Amino acid sequence: ESNKVLVVGGAGYIGSHTCLELANKGFEPVVYDNLSNGHEEFVKWGVLEKGDIRDRKRLDEVLGRHKPRAILHFAAMIEVGESVKDPVSFYDNNVIGTLTLLSAALAAGVEAFVFSSTCATYGLPESVPIDEQHRQAPINPYGRTKWVCEQALKDYGQYKGLRSVILRYFNAAGADPEGRIGEWHEPETHAIPLAIDAALGRRQSFKIFGTDYDTRDGTCVRDYIHVLDLADAHVRAVEYLLSGGDSVELNLGTGTGTTVKELLTAISEVSGREFQVDLVDRREGDSTTLVANNDKARDILGWVPKYGLTDITRTAWNWHSRRNQGV
Ligand code: UDP
């Protein structure tokens, strides 16, 4: 029997690292990606089937050809700021796209589905660390598109037999230690790549968005989770579903919070470089503290994050400093 899994959005940051991990564990990834944000050179484990998730005909063709045992769905637009400016594209890509993919999965008889969701579905937390019981109240169109997809998955699970694992990521970070793939967004808005660019002299300074938060040093606290720990959780989620596991939703974070200032210190240390830091106003929509309670993922998947902040900054530095030298 084939061990193929369809990795939708497998040319992107988290998808490509998951392909690496799937291949290591004996699965055969088949990447489905429209390359709108993904990178063809990231498809190193398994074949690329180019296609859009809103293209039902193409999906049927690829599902018919490969007959995957499970689908992992990473393909989505993710920038919060962009979602406020252009919500229509977000609903089109993230919601219509996911519903089209789900219909194709049901028609093809695929019963195991792993969905990339986000801690942004919780909105502004009432309590931290955040567990899966926390009320979900997203505060921007990006978070709402992910929330809508979660609801569809739950209904399709209950009434159509499609079993799923919903994975709510905290702050994905770091890269393949061998430097073959890494974080590559255009434009870049994430803290770690921007700080590394400042350390590399590729940008003039790093701007801290808000220093008057109610935290230990006034800057926001986030739970940075290594992308290979995320990848490991996805492989475990596939194995769980293939061995008959019920639908479940799980937080993926380390349970440890890091402030923006602590992050900058870690990046200065790993790079051996000082860089200019500007203190500016808060960015709209930022929560003060987002830290996961990850007990459920530990219980259900036996998943334990292996990497810490130093591994994250070291592998991210390694990737960014080698990529696009001189750019
Ligand atoms: N951040 C910052 N300056 C930047 C980018 C991000 O101070 O140029 C802060 C941001 O306010 C947040 C943290 O860094 O507290 C992580 O932001 P990122 O955009 O990486 O991820 P998010 O938590 O928004 O998903």
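Reader: Which residues are buried in α10?

Author: This is a predicted model, and α10 covers residues 309-322. A residue counts as buried if 20 or more other C-beta atoms lie within 10 Å of its own. In α10 the buried residues are Leu309, Ile312, Thr313, Thr315, Ala316, Trp317, Trp319 and His320.

Reader: Which elements do the buried residues of α10 pack against?

Author: The residues in question include Trp317 and Trp319. Their partners are both strands and helices, written here with their residue ranges where these are new. The buried residues of α10 pack against β7, α6, β10 (224-226), β12 (258-259) and α8 (260-271).

Reader: How far apart are the end C-alpha atoms of α10, and what should the helix span?

Author: Helix α10 has 14 residues, and the expected span takes 1.5 Å a residue. The helix should therefore span 20 Å. The computed distance between its end C-alpha atoms agrees with this, at 20 Å.

Reader: What should α5 span, and how far apart are its end C-alpha atoms?

Author: Helix α5 runs over residues 141-160, which makes 20 residues. At 1.5 Å a residue it should span 28 Å. The end C-alpha atoms agree with that figure, being apart by 27 Å.

Reader: Which elements do the buried residues of α5 pack against?

Author: The buried residues of α5 include Pro141, Tyr142, Cys149, Leu153 and Tyr156. Charged side chains are also on that list, among them Arg144, Lys146 and Glu150. The packing partners of the buried residues are α3 (80-85), α4 (87-108), β5 (112-118) and β6 (163-169).

Reader: Which residue just after α5 takes a positive phi?

Author: Helix α5 ends at residue 160. Just after it, phi is positive, at about 75°. The residue is Gly161.

Reader: Where is Leu35 found, and is it buried or partly exposed?

Author: Leu35 is not a glycine, yet its phi is positive, at about 60°. It is found in the loop between β2 (28-33) and β3 (47-50). Because 16 other C-beta atoms lie within 10 Å, Leu35 is partly exposed.

Reader: Where is Lys67 found, and how many C-beta neighbours does it have inside 10 Å?

Author: Lys67 also is not a glycine and has a positive phi, of about 45°. Its place is the loop between α2 (56-66) and β4 (70-73). Lys67 counts as partly exposed, because its C-beta neighbours inside 10 Å number 14.

Reader: Which peptide bond ending at Pro129 is cis?

Author: Pro129 is placed in the loop between β5 and α5. The omega of the bond is near -10°. The cis bond runs from Val128 to Pro129.

Reader: What is omega for the cis peptide bond that joins Glu186 and Pro187?

Author: Pro187 lies in the loop between β7 (171-173) and α6. The bond from Glu186 to Pro187 is cis. Its omega is about -5°.

Reader: Which element gives the most residues to the shell around the ligand?

Author: The ligand is surrounded by 13 residues, the closest being His190, Ala191, Ile208, Phe209 and Cys220. By type, the shell divides into 6 nonpolar, 3 polar and 4 charged. Two elements, α6 (191-199) and β8 (206-209), each supply at least two residues. The most come from one of them, with 3 residues: β8.

Reader: Is Thr219 buried or exposed?

Author: Thr219 lies in the loop between β8 and β9 (221-222). Beyond four places in sequence, its contacts are Ile208, Gly210, Thr211, Tyr213, Thr259, Val260 and Lys261. Because it has 22 C-beta neighbours inside 10 Å, Thr219 counts as buried.

Reader: How far apart in space are Thr219 and Thr258?

Author: In sequence, Thr219 and Thr258 are 39 residues apart. Thr258 belongs to β12. From C-alpha to C-alpha the two are apart by 9.4 Å.

Reader: Which residues does UniProt list for "domain: NAD(P)-binding"?

Author: The UniProt entry that lists this domain is unreviewed. Over the listed range, the chain is 39% helix and 18% strand, with end C-alpha atoms 30 Å apart. The range in the record is residues 6-314.

Reader: What is the radius of gyration of the chain?

Author: The chain has 10 helices and 14 strands. For 327 residues the globule rule gives 20 Å, and the computed value is close to it, so the chain is as compact as a globular protein of that length. The radius of gyration is 19 Å.

Note on methods: Residues numbered from 1 in each chain as written. Predicted model: local features only at pLDDT ≥ 70, side-chain atom pairs only at ≥ 80, totals over all residues. Near = placed C-beta within 6 Å. Helix = DSSP H or I, 4+ residues; strand = E, 2+ residues; numbered from the N terminus. Buried ≥ 20, exposed ≤ 12 C-beta atoms within 10 Å, placed from the backbone. Contact = placed C-beta atoms within 7 Å. UniProt positions renumbered as here; feature names shortened; annotations may be inferred. Expected span 1.5 Å × (residues − 1). Rg over C-alpha atoms; globule rule 2.2 N^0.38 Å.
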